[in-house]
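Let's take a relaxed walk through this model, stopping at backbone oddities, charged pairs and the ligand site. Have the viewer open as you read.

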Amino acid sequence: MCSVFGYIGKQYSRQLVMEGLSRLEYRGYDSAGFACLDPQSNHIVYSKASGDLQHLKDKLNQQSIDGYVSLGHTRWATHGGFSADNAHPHFDCEKNIALIHNGIIENHQELREELRAAGHVFHSETDTEVVAHLFEQELGRRDLSIELCSEIFSRLQGAYAFAIILEQYTNTMIVARKRSPLCVGVGKDELFVSSDPLAFIDKTRDVLFMPDESFALLSPSGIALYSFNGQSLSIATSSLDFSFEQQDKQQHEHFMLKEIYEQKAAIKNTLTHLQALSADLLWKQLGLKNEQVKDVEKITLLGCGTSWFAGRIAQFFFEEIAHISTQVSVASEFRYMSFFPRSNTLCIAITQSGETADTLEALRVVQSYGVHTIGLTNVASSTIVRETQGSLFTQAGCEVAVASTKAFVTQLTALYWLAHRLAMEKGLIELSDMQAAEQNLLIAAEALEECIEQNKLRIMQELAPYYATYKQYIFLGRHIGYPLAMEAALKLKEITYIFAQAYPAGELKHGPLALIDAQIPVVVFSHQAHIIYHKLVANVQEVKARDGHVIAFAFEGQQELISLADTVFIIPHVAPLLEPIAMIGLMQFFVYQMALVLDRPIDKPRNLAKSVTVE
Ligand code: F6R
């Protein structure tokens, strides 16, 4: 997604802007740009380049532009293809105003027509550019004022974080936020503006997270903050206590491989962190009162992509362990659906980054019903933590590869653990059951790693080169194995670009069976429950009877499935409901090796970003 970074202060800032943008690389991008006010001429000077940040850096190395008031941006295309013209900053007709934006201006077409009719000439296909012309239009008639900003921002529909510089007001930067993340780092006589405090955390720890629907006029000596209706707001800064850690791949070829191998430790760290929470501290952190905990009637889980699949698996945890009726919704669809909360409903939004716009929007809908919301995230400084009444943290460590691996298993860990805590609070299980559950998580983590170790060489030397030649795949599972199949299919699509579709195994005969032939391998995730296993075996028989090719993830001793499959991976037994943790590492490794054979850019697959901050 786009990243916004700005600086206003007493230093030449090009280098620190570039450094800030590099730290935001995880957001993914296709072009980048830099602009500043030239201290001698007070004119805006700029540079833009298509491609990754290095292209912009190389271009800037040939130029001497720098200044005390500057903007940097990386773009993830929404409106208009990736080109230097569409890269930010964007300008008004005279290039007296420069601005950068993250988000989408939904009414840009209407504004563009209005501004064109008034004589403005556009230079890009982006939705962003209209805002520069809107400022130009208004500043042609009157001075910069609170009312002027308030009027302009109130006209913009959609989601946005803006930083704007103007030749006419060399000591001012305008910033604004609606829905998209934006924060201001407060230093001594200098301010840093960013989509994520990570970009400036080594310069200052005092951060103003811009309230939703607010704008600010920044100068080196301070911040004047206003709501969109022009009311002055007080400045409440937070003091952050994390540091930027340069991530490196250690001995691994890709971050994804490193992160696959970190899963066992990530599960353990998450568990240790959770175990350290006393009952009082846990419910307090979740924003719940003890009596509320006992009476939770319904849980709504929200998430997108892999986090949604974690929710789909966790539904079984909350229903089977804590006996709480659980609904799981993909967050990007939630706002179009009816929602029927019961009197004591809990909503848990699952998001590794804590910044996913679809998840945050769904959460806001839930909150409009007065429902208690909790964010389950890996990033303690993220937007979700500020917008929910309670938080629970996974301890996956920084996940760099776009395709989620260790975040997923730590989400499962936290949700499995929480289901047991709720069950204990309701008197359904004893402390000894809780302790056994914790032990079982560690055993499943061990199984995850063991499965990779045992199959590693076979996958690298034989299976990955062979299976990378297929063009499409079907994934099957039942019960908890179905969301696992969905997650596995997503991983395959993301990093190999091979098409894959997951089905509940019982649905095969209702249509997809028509696809079966020797050209479309069927990956089956087995289950430990006998009744489910036997039904799965019947589904595999149906595939084999039609010349299908089967890859099975079977548990030890499941002889019938093992002998039916063309390729089989044997998984050690784990506690019921922890099958996905035991199997997913091996699946990720298999898919990773296929992507390697296909020479894909594994850590940054085309078109994808790590943090999806637009709807
Ligand atoms: C897939 C993947 C995505 C994310 C999704 C939600 O490997 O990483 O599907 O899971 O974009 O992201 P978060 O969890 O940050 O809300």
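Is Leu 577 buried or exposed? With a relative accessibility of 9%, Leu 577 counts as buried, because the cut-off for that label is under 20%. Keep in mind throughout that this is a predicted model.

## Backbone oddities

Leu 577 is worth a second look for its backbone too: phi is positive, about 80°, although the residue is not a glycine. You'll find Leu 577 in the loop between β25 and α19 (579–597). As background, most residues other than glycine have a negative phi, and most peptide bonds are trans.

Gln 250 is another non-glycine residue with a positive phi, this one about 50°. Gln 250 sits in the loop between β15 (238–239) and α6 (255–261). Whereas Leu 577 is buried, Gln 250 is exposed, with a relative accessible area of 53%. Then there's the peptide bond between His 88 and Pro 89, which is cis, with omega at about 5°. Pro 89 belongs to the loop between β4 (69–75) and β5 (90–91).

## A hairpin and a strand

Strands β2 (residues 31–37) and β3 (residues 44–50) run antiparallel to each other and pair over seven bridges. If you want one pair to click on, take Ser 31, whose bridge partner in β3 is Ser 50. Six residues separate the two strands of this hairpin, and Asn 42 there adopts a positive phi near 65°.

Further along, strand β17 (residues 325–330) contains Val 328. Val 328 is buried, at 17% relative accessible area. Its C-alpha lies 8.9 Å from that of Ala 314, and 14 residues separate the two in sequence.

## Salt bridges

How many salt bridges does the structure hold? The count is 25. In general terms, side chains of opposite charge can pair when their charged atoms come close.

Start with Glu 446 and Lys 264, whose closest N and O atoms are 3.2 Å apart. Glu 446 is in helix α15 (residues 431–467) and Lys 264 in helix α7 (residues 263–275), so this salt bridge ties together parts that are 182 residues apart in sequence. Both ends are partly exposed: Glu 446 has 39% relative accessibility, and Lys 264 has 26%.

Next up is the salt bridge between Lys 544 and Asp 566, with 2.9 Å from N to O. Lys 544 lies in helix α17 (residues 530–544) and Asp 566 in the loop between α18 (559–564) and β25 (567–571), so the pair ties together parts 22 residues apart in sequence. Lys 544 is partly exposed, at 26%, and Asp 566 is partly exposed too, at 40%.

## A charged network

Arg 335 and Glu 361 form a salt bridge as well, their closest N and O atoms being 3.0 Å apart. The pair links distant parts of the chain, 26 residues apart: Arg 335 is in the loop between α11 (331–334) and β18 (345–351), while Glu 361 is in helix α12 (residues 357–367). Here the two ends get separate labels: Arg 335 is partly exposed, with 39% relative accessible area, but Glu 361 is buried, at 7%.

This pair isn't on its own. Arg 335 and Glu 361 belong to a network of salt bridges that also takes in Arg 177, Arg 179, Asp 212, Arg 364 and Glu 387.

## Cysteines

How many disulfides turn up in a search of the whole structure? Zero. For Cys 304, the nearest cysteine sulfur is that of Cys 347, 12 Å away; a disulfide would need the two sulfur atoms within 2.5 Å. Cys 304 is buried, with 19% relative accessibility, and so is Cys 451, with 1%.

## Around the ligand

There are 15 residues around the ligand, and the ones that come nearest are Ser 307, Thr 351, Gln 352, Ser 353 and Thr 356. Ser 307 places a polar side-chain atom 2.6 Å from a ligand oxygen atom. Gln 352 uses its backbone instead, with an N or O atom 2.7 Å from an oxygen atom of the ligand. For Thr 356, an N or O atom of the side chain is 2.4 Å from a ligand oxygen atom.

How much of the ligand does the protein bury? Taken alone the ligand exposes 410 Å², and the protein buries 89% of that.

Terms used. Residues are numbered from 1 along each chain as its sequence is written. This is a predicted model: local features need pLDDT of at least 70, side-chain atom pairs count only at pLDDT 80 or more; totals for chains, interfaces and linings use all residues. Side-chain values use heavy atoms; hydrogens and water are left out. Two strands pair if DSSP finds at least two bridges between them. Helices (H or I, at least four residues) and strands (E, at least two) are DSSP runs, numbered from the N terminus. A salt bridge is a side-chain nitrogen of Lys or Arg within 4 Å of a carboxyl oxygen of Asp or Glu. Buried means under 20% relative accessible area, exposed over 50%, partly exposed in between (1.4 Å probe, protein chains only). A residue is near a molecule or strand if one of its heavy atoms lies within 4 Å of it. A polar contact is a pair of N or O atoms within 3.5 Å; within protein, one must be able to donate a hydrogen and the other to accept it, and residues adjacent in sequence count only if both atoms are side-chain atoms. Accessible areas come from the Shrake-Rupley method with a 1.4 Å probe; for residues, only the protein chains shown count as cover.
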